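Reader: I am new to reading protein models, and I would like to go through this one step by step. Could we take the questions one at a time?

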Amino acid sequence: MQSVARLGSGIPLVARDRELDRLRGAFEQSASGTATAMLISGDAGVGKTRLTDELAALARDKGALVLTGRCLDAGETGLPYLPFAEAMSQVPDREQAVLAHPALARLFPDVTLPVGAERREANMSAITAVVPGVGGRVGNRPEQDIGQLQLFDAVHASLTDLAAAAPVVLVLEDLHWADGSTRRLLSFLVARLRDQHILIVGTYRSDDLHRRHPLRPLLAELLRQPAMERMELTPFNNADSRLFVSSLAEEGLPDDLVREVAGRSEGNAFFAEELLAAYTEDGDELPATLVDVLLARVERLSEAAQRVVRVASVAGRRAPHARLLAVSELSEPELEEALREAVQHHVLVAKRDQWMDVYAFRHALLSEAVYGDLLPGERVRLHAAYARELVGEQGRRGAAAALAHHSMESHQLPQALAASVVAAREAADSGAPAEALGHLERALKLWDGVAPADRPEGMDEVTLLRTASFMAGSSGDPERAVSFARSAVKLADAAGDKEVGAMMRRRLASALFVVEGREDEARQAIERAWELAEDLPPSCEKSWILAVYALILRAEREPVEARKFAELAVREARACDEVGVIADALITLGALDESEGRVEAGRERLREAIRLARDDDALSVELRARYYLGFNAYEAGELDDAVRIIEEGVERARDTGLTWSTYGFELRAITVIARYARGDWDQSEAAAEPPGMRVSSTVSARLAAVGSYVMVSRGRLAEAARLAGELRSEWHRDFQIFSSMSAVGAELALWQGRPEEGAKLVSEAVEWAERVGGQWVLVNIRLAALGAALYADCAERAARRKDAAEHRSLLDEGLRLVELARKTAKFGRPRTGTLGPEGRAWLARAEAEGSRLRGPSDPALWEKAAAAFGYGAVYEQAICRWRLGEALLGAERRDEAAEVLKAADEVAVRLDARPLREALRKLARRGRIVLSDGQTPRETVDPFTPRERSVLRLVALGRTNRQVGEELFISEKTVSVHLSRIMAKLGAARRAEAVAIAYDRGLLEEENV
């Protein structure tokens, strides 16, 4: 008799010491008060679950609470939050946790708490018009999703509470199957890891991640988080694979068998287990493929056990005992005997899932193999049987989604349509708009295939399309929102319903307006909506059409028409007592007043809009008004007032669950910018944390872009360079992404000593800005100032090389940018009609940089620039003082230079602005000036890798490339590659010039003291 193969969970962990040590270290770090997260990737069957099991055992031994949840292969429209529901169900005293955080009740179908009318209304607003009978008025609220955010906050708060008593380890397995809501909740939690005693571990199959897999964007976002680490679990090497296979047998195995199984499994633990199990059960020749092995093991079961396994495969990876009993058509004793056989042969695993017994396939690949081997008719019959069982479970959480799936697979189209509509409503009620959208898309796919008499009563295709557009917008997919709205418009036109046609065009215009480059289409849609609605009686929808029309006209710079329609919207809204529209139109009127120079009048309209919107509970309108009021103060240079107003808006958004709504996000973005300008960099970075729910890639990119100001100014240059590279392809998404990243890219090049690359970037950015934003777009003032600075640095290098022609060319290019700044300031169109303090300050800096180009640098112009930034932009003022100190030293006014350099240094130290601080220290050393602490710190912004620094140090000592290679044990060719990179980073044409520049920047001084 052959040796009996043991499964991997029954043997000691083999060949994973290094990976387990990393997990142990991550746990100890989190247990000590630094929250940590770890993503474990690897091929299916490589051992991810076994590794997390070891971590769980280790953590429990040290008193930690371990919560484990698994994702299910049910597609994007599967049960929302399944792994979190499973994990949180393991929380001790679950009812108490729900009492403390009521939104958790959405995860637990057996826990029901009364919900106040106000909260219930907020939750239901996300599904308005999905199904007849849902409260709320169509079109009278901007599209927001409150319930999801409340649930996110509740999960986060509950985990934080638990971690206060003992370390918490949250394990989420099979994230490649995670639904959209699970992904967003995971992102939300990771972004908020700070000093909690929490370790989050997620696993996913790397071989399942195709190019458009929905997990990919989340991984990119998570890996930018400081708390996140990544571990790739690779297959065993040959030696470890043989050790693993040898460990699987209770008795010794022939060496040829060990080598064969180890070789054919290619280091995959699960493959090795299956191959060896298939061999040791009957000694037959090994199957040709893994699928053959999996099916061969199933086929060795009795007829009854095979039937149960096939039935279980249709349910998915996990099947409740009661459901198997009903669908398998076996008696209770027969089912138990069949299940016992399947468990003993390691095909199924018996588990207790909350309140019921379930049976799970030991590995997802086994379930997939069995399901794939079903005959088509058998598959349809079993899906139909599951659907029959689910019909009687209406009202249970997730039953409608499962019924829709099984009905669809068994070709019961009317039932699938009805269940999809109900599942969409349930998903939206759970705060899962992406899943609701998936169900609605299935309903739309089924609509024409179901006879009119069999369709859900009171439902029509226009309503489905309108709601699908609503959900697409809410889940961060504006392009699909546009597509659904277009289809709804066509149907409404075909039906000849003017009112519905107008309403759908207003929806289409709103969807188009937020998509870059679709403003003209939005204008056409809203114009046609008004043509249809103009003669209709006063109504909520008619007043909203007017308000949206006014908004679009103002954005199109047609102030006269915009004012006319905004005033019409106010009159129409008053006729039907639609206070939210009145407030919305007042915001547009306030912006128009501001553009005409009546700033205080505009602010008063905004304050009135805030009061009206708050009284009417029009939260999104209120946040829009707060945003414009804060932005107004920021543009006026009133930074203290701006931060106060904006923070009030941010707090209001947070209190109402609208932190990541449209204007909740706009308030967050302007908070990042205003606090950066004022010098509140820690708060700016905190506000720039990625959103927990990914409304759209544009939102994430915009927030990352504005957050990168602090990143580069604090000297995290490698991180900033990576981000700049990632976001370069995102410029087209939003003008703020472009304006932020082009300026950050220019400053990055300045601090990295790559002025040539920075100058090229600025030239590209100026051309791009004029092409997209028109001639004299105001961002060009800042870009021109930064570009002039870069060209001045380039010209200095050309002068050192004694290249007169290049020097003259660089001066001309730099002075051309200074002239661009002047003309943009003269001909540009500021929102208030006059150039604000920020624009005037950047113009003054451009003029001062021009003096560097013309030479010598003019202290008077730099003093003027420093004064111009005195409205509160402390960092930019310190930059100008640095250059002022340099100009004063050049004019031999050392005492004055010392005074301004000390003032700049105080700001650099307070802000932890390392590149600026090092530039100040370097200049102070040259001028023999002692700054605040009298210290000359080591250069901390190092553009070189350790190997490049070693090469540069030896080259500075006069070594040839061959000698450098011999000393560092690398080839001469490799030395040449490193030296080429060094010269590129320093902007040097020759090795001697690279050494000179490195000395000049202080990068080699310490090595040669």
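Reader: Which residues of β4 point one way, and which point the other way?
Author: This is a predicted model, and its strand β4 shows two sets of side chains. In a regular strand the side chains alternate between the two faces of the sheet. In β4, Leu199, Val201, Thr203 and Arg205 point one way, and all of them are buried. Pointing the other way, and likewise buried, are Ile198, Ile200, Gly202 and Tyr204.

Reader: How many residues of β4 are buried?
Author: A residue counts as buried when its relative accessible area is under 20%. The strand β4, which covers residues 198-205, is mostly covered, and the number of its residues that are buried is 8 of 8.

Reader: In what order do the strands of the open sheet lie?
Author: The edge strands, each pairing on one side only, are β2 (65-70) and β5 (228-232). The strands β3 and β4 run parallel and are joined by 5 bridges, while β1 and β4 pair in the parallel sense over 7 bridges. The open sheet has 5 strands with parallel pairing, and their order is β2-β3-β4-β1-β5.

Reader: Which residue is the bridge partner of Leu65 in β3?
Author: The strand β2 runs parallel to β3 (residues 168-173), and 6 bridges join the two. Within β3, the bridge partner of Leu65 is Val168.

Reader: Which residue is the bridge partner of Gly42 in β4?
Author: On another strand, Leu172 stands opposite Gly202 in β4. For Gly42, the bridge partner in β4 is Arg205.

Reader: At about what angle does helix α7 run to β4?
Author: Within the sheet, neighbouring strands are turned against each other by 15 degrees on average, with direction ignored. Helix α7 (residues 180-191) lies across β1, β3, β4 and β5, and its angle to β4 is about 145 degrees.

Reader: Why does the span of helix α26 agree with what is expected?
Author: Helix α26 (residues 559-575) has 17 residues, and at 1.5 Å a residue they should span 24 Å. The expected span is 1.5 Å times one less than the number of residues. The two values agree because the end C-alpha atoms of α26 are also placed apart by 24 Å.

Reader: Which elements are included in what covers the buried residues of α26?
Author: The buried residues of α26 include Phe565, Val570 and Glu572. What covers the buried residues of this helix includes α24, α25 (540-555), α27 (579-595) and α28 (599-615).

Reader: Is Arg523 buried or exposed, and with which side chain does its own side chain make a polar contact?
Author: Arg523 lies in helix α24 (residues 519-533), and its relative accessible area is 16%. That value is under the cut-off of 20%, so Arg523 is buried. Among the residues that Arg523 touches are Tyr549, Ile552 and Leu553. At 2.7 Å, its side chain makes a polar contact with the side chain of Glu558.

Reader: Where does the pLDDT stay under 50?
Author: The mean pLDDT of the chain is 83, and 86% of its residues reach 70 or more. Where pLDDT is low, the predicted coordinates should not be read in detail. One stretch with pLDDT under 50, for which the model has 10 contacts beyond four places in sequence, is residues 283-288. Another, with a pLDDT below 50 and 12 contacts beyond near neighbours in sequence, is residues 934-940.

Conventions. Residues numbered from 1 in each chain as written. Predicted model: local features only at pLDDT ≥ 70, side-chain atom pairs only at ≥ 80, totals over all residues. Heavy atoms only, no water. Helix = DSSP H or I, 4+ residues; strand = E, 2+ residues; numbered from the N terminus. Buried < 20%, exposed > 50% of the residue type's maximum accessible area, 1.4 Å probe, protein only. Polar contact = N/O pair within 3.5 Å; in protein donor to acceptor, adjacent residues only side chain to side chain. Contact = heavy atoms within 4.5 Å. pLDDT = per-residue confidence, 0-100. Pairing = 2+ DSSP bridges. Axes fitted to C-alpha atoms, helices over the stretch in contact; angles between N-to-C directions.
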